[in-house]
Each structure stands twice: as structure tokens, then as C-alpha cells.
Amino acid sequence: MSPAAARKSTNLTIDASLVRSAKELGINISQAAEEGIRSAVTKTLADQWKLENQAALKSSNTFVEEHGLPLEKNRLF
């Protein structure tokens with residue numbers, strides 16, 4: 001996230017023992033929560049993209065299985 005990105009205060013309900021452990025370990029809870037949410041959003045968007053493009057991916061894979069890579073003859077390895 002860029003330093004100039006807008007911030008939004010929010011309330012979270014988190015297991016009390018987890019919060020206590022995080023504080024004892026010096027973990028920035030807001031930063032850790034943000035990183036976790038960012039990771040979850042990134043994974044969910046990737047999963048959605050794969051689902052939305054499943055037919056095209058399958059078609060492309062089938063083409064390569066049947067015909068090989070289109071420019072395979074130009075490969076140097």
C-alpha cells in the first residue's frame with residue numbers, strides 16, 4: 001500500500017487471547033489485520049479470475065495438448 005493511501009477506521013472483533021498474545025509479542029495488530037485482509041482479497045480475486053476464465057484456460061490447454069506450443073519450433077532450449 002502506498003504511504004498516501006486513504007485509511008479507514010473500523011471495528012474488529014478478535015479473539016481476546018489472540019490479541020493478548022499479539023501485544024505481548026509486539027505485533028502491530030492493525031498492520032497484521034491489514035496484511036491478512038490483503039492476502040485474503042488477493043487470493044479471492046485470483047480464485048474468481050480462474051473460475052471466470054476456466055473455459056478459456058481449458059480451451060488453451062486442450063489446443064496445446066493437441067497441437068503443441070504454437071511457436072515451439074522457434075525455441076532455443
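1. Nonpolar surface patch. In this predicted model, the residues Leu12, Ile14 and Leu18 together make a nonpolar patch of about 280 Å² on the surface. Of these residues, Ile14 belongs to the segment that precedes helix H1, which covers residues 16–24. Ile14 has a relative accessible area of 34% and is therefore classed as partly exposed, a value that also passes the requirement of over 30% that is set for membership of a patch.

2. Secondary structure. The chain contains three helices and zero strands, and when it is read along the sequence its elements follow the pattern α-α-α. Two of these helices recur in the points below, namely H1 at residues 16–24 and H2 at residues 29–52.

3. Overall dimensions. The radius of gyration of the chain is 22 Å, whereas a compact globule of 77 residues would have a value near 11 Å. Taken along the principal axes, the box filled by the C-alpha atoms is roughly 60 × 30 × 25 Å. A reader who wishes to judge the packing should set beside these values the share of buried residues, which is 3% of the 77 residues of the chain.

4. Exposed surface and charge. The area that the chain exposes comes to about 7300 Å², and 57% of that area is supplied by carbon and sulfur atoms. As for the charges, the chain carries 10 positive and 9 negative ones, and the mean positions of the two sets lie 5 Å apart.

5. The salt bridge between Arg7 and Glu34. How many salt bridges does the chain have? The count comes to three, and one of them joins the side chains of Arg7 and Glu34, with an N to O distance of 2.7 Å. Because Arg7 sits in the segment before H1 while Glu34 sits in helix H2, this pair ties together parts of the chain that are 27 residues apart in sequence. The two partners also fall into separate accessibility classes: Arg7 counts as exposed, at 56% relative accessibility, while Glu34, with a relative accessible area of 22%, is partly exposed.

6. The salt bridge between Glu34 and Arg38, and the network. Glu34 also meets the side chain of Arg38 in a salt bridge, here with an N to O distance of 3.0 Å. Arg38 and Glu34 are both in helix H2 and four residues apart, so about one helical turn separates them. The relative accessibility of Arg38 is 36%, and this residue therefore counts as partly exposed. Since Glu34 takes part in the bridge to Arg7 as well as in the bridge to Arg38, a salt bridge being defined by a nitrogen to oxygen distance within 4 Å, the residues Arg7, Glu34 and Arg38 are linked in a network.

7. The salt bridge between Lys43 and Asp47. Further along helix H2, the side chains of Lys43 and Asp47 meet in a salt bridge, with an N to O distance of 2.7 Å. These residues are likewise four apart within H2, so that about one helical turn lies between them. Lys43 is exposed, with a relative accessible area of 55%, whereas Asp47 counts as partly exposed, at 36% relative accessibility.

8. C-alpha separations across the sequence. Which C-alpha distance is found between Thr10 and Ser30, given that these residues are 20 apart along the chain? The separation is 9.9 Å. Thr10 has its place in the segment before H1 and, at 58% relative accessibility, counts as exposed. A second pair is formed by Val19 and Ile29, which are 10 residues apart along the chain and whose C-alpha atoms are separated by 7.5 Å. Val19 lies in helix H1 and, with a relative accessibility of 22%, counts as partly exposed; its value lies above the limit for burial, because buried means under 20%.

Key:
Residues numbered from 1 in each chain as written. Predicted model: local features only at pLDDT ≥ 70, side-chain atom pairs only at ≥ 80, totals over all residues. Heavy atoms only, no water. Patch = residues over 30% accessible without salt bridge, like charges linked within 9 Å, V, L, I, M, F, W, Y side chains within 5 Å. Areas by Shrake-Rupley, 256 points an atom, 1.4 Å probe, with all protein chains shown as cover. Helix = DSSP H or I, 4+ residues; strand = E, 2+ residues; numbered from the N terminus. Buried < 20%, exposed > 50% of the residue type's maximum accessible area, 1.4 Å probe, protein only. Rg over C-alpha atoms; globule rule 2.2 N^0.38 Å. Lys, Arg positive; Asp, Glu negative; His and termini not counted. Charge placed at Lys NZ, Arg CZ, Asp CG, Glu CD.
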